[in-house]
Amino acid sequence: MATPLKIDIVSDVSCPWCIIGYKALDEALGKLEGKVVADITWQPFELNPNMPPEGQEIVEHITEKYGISVEQSEQNREMIKQRGLEVGYAFGNRGGGRIYNTFDAHRLLHWAEDEGKQTELKLALFDLYFKESGDPSDHAQLLTVVESVGLDKVAAKAILDSDKFTQEVREAQQLYQANGISSVPAVIVNNKHLISGGQPAAVFEQALAQIAQEAEAESSAEA
């Protein structure tokens with residue numbers, strides 16, 4: 001019988017390593033099919049919580065935030081692009097573009113969990129930002145994405161036009177920050193095992209297999 005694993009992925013929709021990490025995790029879960037079954041929940045993290053509505057040009061933002069040169073920024077981008085291809089994710093033309101505030105996207109993701117469509121929405125939001133150079137702070141674009149994954153556009157608009165789920169998202173962000181999560185992706189298994197960063201599929205596979213084995217041993221001991 002497959003061992004159930006609770007997996008929380010703390011991430012932002014504008015984090016390239018988050019989609020790279022997820023694709024590797026998904027590959028690992030595929031290889032462990034029949035051995036583990038994962039219940040995945042996406043948890044909120046904002047890379048740029050103070051980003052103004054108009055956003056910021058991405059190269060300018062990266063060089064300012066990390067104190068690196070434009071050349072280093074371009075090298076990092078090329079490395080990310082190649083890592084994406086290795087896990088089957090083709091980033092779009094990210095030569096230009098902007099970085100945006102993502103809080104409203106996280107409110108919709110909180111709602112989508114209850115609707116059983118959270119992962120579908122998360123992946124569509126990654127595509128909006130990375131493949132279409134879209135703006136995940138723009139309500140019209142968010143509603144288009146919502147509709148594309150079969151969620152109720154009217155219900156989503158009502159959320160965006162209000163402050164619904166603001167408190168819930170803030171509390172979740174604070175919880176993970178209080179528990180030491182300062183960079184993403186952070187993959188937390190069964191509320192106690194942390195796998196940090198966009199790891200290769202083999203790393204996820206080995207870690208999940210070991211965690212499942214430990215969970216089975218604990219379950220047997222309690223029986």
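Ser133 is partly exposed in this predicted model, with a relative accessible area of 39%; here buried means under 20% relative accessible area, exposed over 50%, and partly exposed in between, using a 1.4 Å probe and protein chains only. Ser133 sits in the loop between H5 and H6, where helices (H or I, at least four residues) and strands (E, at least two) are DSSP runs numbered from the N terminus. The phi of Ser133 is positive, near 50°, in a residue other than glycine. Residues are numbered from 1 along each chain as its sequence is written. As the model is predicted, local features need pLDDT of at least 70 and side-chain atom pairs count only at pLDDT 80 or more, while totals for chains, interfaces and linings use all residues; side-chain values use heavy atoms, leaving out hydrogens and water.

A positive phi of about 70° is also found at Phe165, again not a glycine. Phe165 belongs to the loop between helix H7 (153-160) and H8 and is buried, with a relative accessible area of 12%. Most residues other than glycine have a negative phi, and most peptide bonds are trans. Between Val184 and Pro185 the peptide bond is cis, with omega about 5°. Pro185 is placed in the loop between helix H8 (166-178) and E5.

Turning to the interior, the largest nonpolar core has 42 residues, and Leu5, Ile7, Val10, Val189 and Leu208 have the most contacts inside it. Such a core is a set of buried Ala, Val, Leu, Ile, Met, Phe, Trp, Tyr and Cys residues joined through side-chain atoms within 4.5 Å. At least two residues of this core come from each of strand E1 (3-11), helix H1 (16-31), strand E2 (36-44), helix H2 (58-66), helix H5 (118-130), strand E5 (186-189) and helix H9 (201-222). H1 gives the most, with 8 residues. Contact means heavy atoms within 4.5 Å, and, leaving aside residues up to four places away in sequence, Leu5 touches Val36, Val37, Ala38, Asp39, Val189, Asn190, Leu208, Ile211 and Ala212. A second, separate core of 20 residues includes Leu125, Val146, Val149 and Ala156.

Helix H5 also packs against helix H6 (residues 139-148), at an angle of about 135° and with the axes 9 Å apart. The axes are lines fitted to C-alpha atoms, for helices over the stretch in contact, and angles run from 0 to 180 degrees between N-to-C directions. H5 is therefore oblique to H6, given that angles under 35 degrees count as roughly parallel, over 145 as roughly antiparallel, 65 to 115 as roughly perpendicular and the rest as oblique. In this contact, Leu121, Ala124, Leu125 and Leu128 of H5 meet Gln141, Leu142, Val145, Val146 and Ser148 of H6. By class, these residues are 7 nonpolar, 2 polar and no charged, where Ala, Val, Leu, Ile, Met, Phe, Trp, Tyr, Cys and Pro count as nonpolar, Asp, Glu, Lys and Arg as charged, and the others, Gly among them, as polar.

Two further loop residues complete the picture. Ser14, in the loop between E1 and H1, is buried, with a relative accessible area of 4%. Not counting residues up to four places away in sequence, Ser14 touches Leu47, Ile99, Thr102, Tyr129 and Phe130. Ile68, in the loop between H2 and helix H3 (70-86), is partly exposed at 21% relative accessible area.
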